Amino acid sequence: MHSTIRPNSHVALRLPSGISKVIEITPNTTINLGKYGTFSSNLLLGRPYYLTFELLDKEDGKSRTELRVVPASELHVEVLGNGHAPTAEASDEPAEGGPEFDIVGENGEVIMRNNRLTVDDPSRQKLSMAEIEELKKAGAGSGKEIIAKIMGSHEAIEEKTSFSLAKYTLRKSRKYLKRFTVLPMDVGMLTEYITERESHRVMELREESLGLICSWANVHHGGASRVLTAEDGLSQIGGARWLVVDDTGGLVTTALAEKMGILYPDEDDDQNLTAEEKDAGAKEGGEPIQTTNGTTTSTNLEENGDTVMAEPEPEGESTTQPQQQHTAIDAPSDPQPRPRRPPRPHIPQMSATTNTLTILHPNNQPNLSYLKYFSFDTGAPTTSHPLYKHLKSLSWLQLLSPEDDPSYSEPEALTDEMLAGMKSSKRGNYYKKRRRWERTTRLVEETRRGGFDGLVVASTMEPKTILKELVPLVRGGGRVVVYSPNAEPLVELCDYYSKERRTAYVARQFDSQNNRSNNGSSKVKRERDHADDMYAASTDAGDEDDDFPVNPTLLLAPSLQTARARQWQVLPGRTHPVMTSRGGAEGYLFTATRVLPFEGKVEARGHQRGKRRKTAATAETAAPE
């Protein structure tokens, strides 16, 4: 993740009210924060994250709003201590209803005042709403003067305790201060932003559930050193490859990609930008702009339309010599033509062999809309983004029945003479179809070979139908994780992979083998085998499938768990759960380990020492008779 704000990137602005607003920092645009005001997006470019800015009022002669960085001492003034809290003084005359103070020290000093005599009445505020609106229109002090006048006009401000005064001040600050904090758009921030607005689109998925999914699936960054080759010599085993079924709009995919280190673009991409991309964020008219490294530079438009960046001058040097050099450079009337750019090399999409994510989806394109917050568009991906090569998508039709998919059929091969006689547009379409067919064929064959390190499922489809097809593609020792907002589908899944069903499944297979081997006539055996094969092929939902919809010998140690982090308010004397936290589904996880079942029957035989001793003792006692 980048440490500074880059152009065309998404950030989250945390407003004083606690609401987060996600925006895209596009150069030379205006950002509107509603009642807090507007400002130019160029004021944030190149600034570090986690800074709190304050919108200053427009001064005379200025048409744009400026920003001020709020220091940490001002932000945490309530924690460090301030002089707004009234000092509690001892009173010789107690109140009529009882003692005036609840907590008193050993020497009689008042430690904490109660709110027994506090009357919360709106009439105690001298300022009316019309006067407050006039103060807001005047815009003095970015809301500070408004808060000071409101607190000064309160008749019962001295009766408030330190706790009630802090809450009152915080409530007014959230309402009138024009501040915001710039936060980076990471997976945690995106999850919080989505769950507050449209949690149903992500299956009520929370941040702690995402952490459990990544932990139990053992998602990590891997390399070529851990790649093994199967016995056939073609299939790949391992290599940090995960199979994903994501119906959350790409939220699970973003969490997995972040753990694997392929979610954020590389910082070296800024150095490889073209001149047009670097000049896209420059202002017109030679106004100062904020660069990526935080320094201020200016632009001057020449007659030929080129943008020249003026470098900062060293201290103590005159500007005469640089101006002369600049004039000498611009003297020639015939500018030299720019050299043509070399053609960009073709980078195959989805070409990575290690550290990959393979997404299975039911449509023509996967629904990964939330990847746009990380500068990746599945419809028009950027070749420099790590997900361009490491994120692979495959439809269920291409996996289960690739012959029925049109993109799997090889287009007609044309000779070089035929391609030379075609138009450039038709020739480009031909190469595009060939590349799409090669990519689809390579991806289908690679996925059907299996050998994945794990399987992660977060789908609205029935889990047993998904695991029936995808569990055999996971290598031995791989992890299988299934998320569901409700527990009932996963409880059924735990029963299908339970020890009792596995025992019954193995016993049924052994009995069927014994019955076939004990047939006296080979003709009867062939007829019975043929009948069993026809029955297995014709009955897809018979009694056998009802009892064993999945192969229970492929997964070991199935478990069901849940975890939900409750928010607590932790303050001196006021620690309690947050009563306004959102509800929703709990969210459950099914976890298991992929195993390779042993072919044949497993028999366990002991030494049977006790039985032999008993038999020998019986023989000795029977001998004298």
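This is a walk through a predicted model, one selection at a time.

**Before you click**

Residues are numbered from 1 along each chain as its sequence is written, and side-chain values use heavy atoms, with hydrogens and water left out. Because the model is predicted, local features need pLDDT of at least 70 and side-chain atom pairs count only at pLDDT 80 or more, while totals for chains, interfaces and linings use all residues.

**The whole chain**

Start with everything selected and a cartoon view. The protein chain has 20 helices and 23 strands; these are DSSP runs numbered from the N terminus, with helices (H or I) of at least four residues and strands (E) of at least two. Now switch on the surface. About 38,800 Å² of the protein chain is accessible, and carbon and sulfur atoms hold 50% of that (Shrake-Rupley method, 1.4 Å probe; for residues, only the protein chains shown count as cover). Of the 625 residues, 36% count as buried. Buried means under 20% relative accessible area, exposed means over 50%, and partly exposed is in between (1.4 Å probe, protein chains only).

How much of the contact count comes from residues 24 or more positions apart? They make up 68% of the contacts in the protein chain with a separation of 6 or more, where contact means heavy atoms within 4.5 Å.

**Stop 1: Asn-28**

Select Asn-28, in the loop between strand E2 (20-25) and strand E3 (30-32). Most residues other than glycine have a negative phi. Asn-28, though, has a positive phi near 60 degrees. Its relative accessible area is 40%, so Asn-28 is partly exposed.

**Stop 2: H4 and H5**

Next, color helix H4 (residues 144-152) and helix H5 (residues 162-176). Two packed helices are described by the angle between their axes and the distance between the axes. Here the axes come within 10 Å and cross at roughly 140 degrees. That makes H4 oblique to H5. For reference, angles under 35 degrees count as roughly parallel, over 145 as roughly antiparallel, 65 to 115 as roughly perpendicular, and the rest as oblique. Axes are lines fitted to C-alpha atoms, for helices over the stretch in contact, and angles run from 0 to 180 degrees between N-to-C directions.

Show side chains to see who meets whom. From H4 come Ile-146, Ile-147, Ile-150 and Met-151; on the H5 side you'll find Leu-165, Tyr-168, Thr-169, Lys-172, Ser-173 and Tyr-176.

**Stop 3: Ala-240**

Jump to Ala-240, in the loop between strand E11 (236-238) and E12. Ala-240 is another non-glycine residue with a positive phi, about 60 degrees. Is Ala-240 buried or exposed? Buried, with a relative accessible area of 5%.

**Stop 4: Tyr-370**

Now pick Tyr-370, in the loop between E16 and helix H11 (387-390). With 4% relative accessibility, Tyr-370 counts as buried. Try a distance to Gly-249: the two are 121 residues apart in sequence, yet 6.1 Å apart in space, C-alpha to C-alpha. Not counting residues up to four places away in sequence, Tyr-370 touches several others, including Leu-190, Ile-194, Arg-201, Thr-248 and Leu-251.

**Stop 5: Ser-395**

Ser-395 lies in strand E17 and is buried at 8% relative accessibility. Beyond its neighbours within four places in sequence, Ser-395 is in contact with Leu-360, His-361 and Asn-363.

**Stop 6: H14**

Select residues 424-449, helix H14. At 1.5 Å a residue, its 26 residues should span 38 Å, and the end C-alpha atoms are 38 Å apart, which agrees (the expected span is 1.5 Å times one less than the number of residues).

Among its buried residues are Arg-434, Trp-437, Thr-441 and Leu-443. What covers them? The cover for H14's buried residues includes strand E12 (241-246), strand E16 (356-361), helix H13 (416-420) and strand E18 (452-458).

Zoom in on Tyr-430, also in H14 and buried, with a relative accessible area of 13%. Leaving aside neighbours within four places in sequence, Tyr-430 contacts Glu-412, Ala-413, Leu-414 and Leu-419. Just after H14 sits Gly-450, with a positive phi near 80 degrees.

**Last stop: H15 and H16**

Finish with helix H15 (residues 463-470) and helix H16 (residues 488-496), packed at about 45 degrees with their axes 10 Å apart. H15 and H16 are therefore oblique to each other. Pro-463, Lys-464 and Leu-467 of H15 make the contact with Pro-489, Glu-492, Leu-493 and Tyr-496 of H16.
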